[in-house]
Every structure is written in C-alpha cells, then in structure tokens.
Amino acid sequence: MPGGAAAPVPDTRPNLIGMDRADMEVALTELGEPKFRAKQLYQWVYNRGVTDFEAMTNMAKPLRTKLAEIFRIERPKITAHQLSDDGTQKWLFRYEDGNEAETVFIPDGERGTLCISSQVGCSLTCKFCHTGTQKLVRNLTAGDIVGQVMAVRDELGEWPSPGEERRLTNVVLMGMGEPLYNTDNVIKALKIMMDGEGISLSKRRITLSTSGVVPEMERVGRETGVLLAISLHAVHDDLRNDIVPINRKYKIKELIQAVKDYPGLSNSSRVTWEYVMLKDVNDSTADARELLRLIKGIPSKINLIPFNAWPGSPYECSDQAQIKNFADVLWKAGYSSPVRTPRGRDILAACGQLKSASERIGKREQMRLEAIRREKEEMVGLSDA
Ligand code: SAH
Ligand code: SF4
C-alpha cells in the first residue's frame, strides 16, 4: 500500500481459551507431544490464568516458543468499566469479531457473583426484558463465555484458582441471551469452569437461568449438574404466553414437569423460580397462591425481582406494599426472604437493563421495537399468526 499505513494483520492463531482438555490433547498430539503436555497446558491456561507462554516453566523453552507461534491466549477486551456506589461492577467486553456484551460482578458479603452473558442479544422477546428488544446477533462461543470469568479474575487479581479468599465465588448465567439456545457452547464452558484442574468453581456455585427451553433442561442437568433457575414470571398460560413468549411452545405444565425431572434436584440443590414483579400484571396474592400450588413438592427457592424499567418498557414495577403482600403469602408457606435487592442501579447493571440507555423513547422508537419483536417471534416460530 504505497503511502498508506499497512492494514493490521489479523491474528489467525487459534485461541486456547475455549479449548477443553480433549481439544488441547488433539492439538498437542498433532505437534508430536505426549498427552501429559496437554494437561500441563490446560492447567497453565485455566488454573494459573497465564497469558504468556514464557511463564509455562515446566515446558522446555523450544516448546514454549513453538506454542506461542501456533496459539494465543486471549480474553475478551474491556471496552468500558463502571463501578456502582454499592460495589457492583460492570464491564463491557468486546469479542474477537467486534461484538460486545456486558458482564456484571455483584459482591455481597462473603459471596461475589459474576453474571455472565451467553449470547449477543436474544432471539426471544420477553416483554419486560430489554435484551428482548435486541436482535440475536450471535451465540457466544465457549471461549467467549469462559473468557468473561477469566477476564474478571484478571481484574480482581484472583489467580491461581482455587486460591485464598477469592471475591469471585459464584457464577450465574443471567446476563444477555438464552443459555439453552446455545447449549453446546454453554455446556463446554461450564465444564471448563467446573474442572478442578481448570477454573475450579463448584457446580453448586453456578446457576443457569432459562426462560424454559424444556427439551434442553435434562441434558444440561445431566452433563453439568449446575443449579437451575427458571424465569417463570407468570402462573397462567395466557399471561405467560404474552410476557414470556417461549411459553407458546412449552406450556407451564411441561415446564414444571421438566423441573421435576431435572437431574440432581434436592433440598440442598433447589431450583430458583424467578418472578419479576409487574404492577397489576402478575402481582396479586391470588397469583402468589397459584405459584405455591404449581411448585408444591418441588425443592424450591423463590426470587421476586423488582421490575427494572428501561426506556420504552411497557410496565411499571409493583408497589413496595404489593411486593410485600405477595412475599407474605410465600413466607407463610415457608419461603424466606424471596425479594431480590436491586443492585448496581446507578450504572444500569440490574437485570434486563444491560446495554440500555437512560432516556425515555418516543412513539417512533416504540413502533420500531414492536416491529423487531414481531420479526423475531416469526423467526423463532412463536408468532401468533
Ligand atoms: N435468558 C435467560 C437468562 C437471562 S435473563 C432467562 O430468561 O432466564 C435473567 C433474569 O432477569 C431472568 O429471570 C429475566 O426474566 C430477568 N429480567 C429480564 N429483564 C428484567 C427487568 N427489566 N427487570 C427485572 N428482571 C428482568
Ligand atoms: Fe431473552 Fe431471557 Fe430476556 Fe427473555 S428474559 S428476552 S429469554 S434474555
């Protein structure tokens, strides 16, 4: 290119982040290395968190050089970071193809929960969810998913793992996207996170939240054993069809059965029912009683989520008094402290608010959102027509 700057050469070396043990074994066998090298490499990457091949001191120098020529070890890039008054932190991560998604860290006493994304956007259109207004751009890869945990571990200075007094103790898949529409990548990422020689997070400290992709639930439970959360939000099919449209495919009854069949469900590994409190929509005490009836006999926790309004959202959050009435019905039936405290509101880090702006929107924008919604529902086969 005479006179001009040379275009940056894209780094085509495969990223080790996202490769599991088997992938690394294949890669190293191709290089003529014995199997135990793959185990060493895996530990350096996921357990020690190194990003430089030179740090891999149990490997000979020529091998380190060779590995660095062939592979890279790269997290998603931080493009923005915000810290809330309550200690919540939010990062905007940029992935290799330039797409961005957010990850939120919520410290709470001894526990620190990282809320990660599984897709950029979402193909579903839950009416109260801001992500539901955004088109699905793509599934995150296993590397993108694990990379969020690793990048935050870098930020918190928490390698190796497990280490002393880690702040990042729990992971929830409650960011952008429907994890069970990206099951293969999610399972691969979860296995790396749970591996004792990898990131080493216990399966009891990982929760996957789904809007109710019934056919995928058994598999994720069987293959990973992580805790399950269900975005229930309505106790009658007609309302749930409207606000959680996947219900048009998998009705409440089927969803409840799939939860009952979830492998490993027990009193020490209970399902969490998420229920967003929408004023005059789903918040009556009759709804609370129906909720109790639905989940009877299932080892359960209930999480009432005060609705987080976003620009153009068609609902309001239930009044404090009504949330309390609802919670009292549950409390009398033995479910304690079910109301989730909103965190990180000042940095728009709360549920369903990721990547949203703070100003109100006009009629035209509302129509645009409605058109996207219809188009998406047609694509996933959930349209009424
Ligand atoms: N797609 C998955 C996981 C991501 S959403 C799912 O739907 O379960 C994580 C949780 O936040 C879900 O329970 C979702 O219903 C809830 N949520 C979405 N938007 C919200 C909002 N505006 N206010 C409160 N909770 C919301
Ligand atoms: Fe997607 Fe979950 Fe939002 Fe529904 S609530 S639109 S499934 S991210």
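This dialogue reads a helix pair and two ligand sites in a predicted model.

Visitor: How is the packing of two helices described?

Guide: Two packed helices are described by the angle between their axes and the distance between the axes. Here, helix H9 (residues 285-295) packs with helix H10 (residues 320-332) at an angle of about 30°, and their axes are 9 Å apart. Angles under 35 degrees count as roughly parallel, so H9 is roughly parallel to H10.

Visitor: In which hand does H9 pass H10?

Guide: The crossing is right-handed. On the H9 side, Thr285, Asp287, Ala288, Arg289, Leu291 and Leu292 make the contact. H10 brings Gln322, Asn325, Phe326, Val329 and Leu330. By class, the residues of this contact are 6 nonpolar, 3 polar and 2 charged.

Visitor: Now the ligands. Which residues come nearest to ligand 1?

Guide: There are 22 residues around ligand 1, and those that come nearest are Phe128, Gly177, Ser209, Ser231 and His233.

Visitor: Which atoms of Phe128 and Ser209 should I look at around ligand 1?

Guide: For Phe128, look at the backbone: a polar atom there is 2.9 Å from a nitrogen atom of ligand 1. For Ser209, look at the side chain, where a polar atom lies 2.6 Å from an oxygen atom of ligand 1. Glu274 can be added: an N or O atom in the side chain of Glu274 is 3.0 Å from an oxygen atom of ligand 1.

Visitor: Which residues are around ligand 2?

Guide: Around ligand 2 are Cys122, Leu124, Cys126, Cys129, Gly132, Gly177, Glu178 and Ser211. This shell divides into 4 nonpolar, 3 polar and 1 charged residues.

Technical notes:
Residues numbered from 1 in each chain as written. Chains lettered and ligands numbered in written order. Predicted model: local features only at pLDDT ≥ 70, side-chain atom pairs only at ≥ 80, totals over all residues. Heavy atoms only, no water. Axes fitted to C-alpha atoms, helices over the stretch in contact; angles between N-to-C directions. Helix = DSSP H or I, 4+ residues; strand = E, 2+ residues; numbered from the N terminus. Parallel < 35°, antiparallel > 145°, perpendicular 65-115°, else oblique. Left-handed = near helix turned anticlockwise from the far one by under 90°. Contact = heavy atoms within 4.5 Å. Nonpolar A, V, L, I, M, F, W, Y, C, P; charged D, E, K, R; others polar. Near = heavy atom within 4 Å. Polar contact = N/O pair within 3.5 Å; in protein donor to acceptor, adjacent residues only side chain to side chain.
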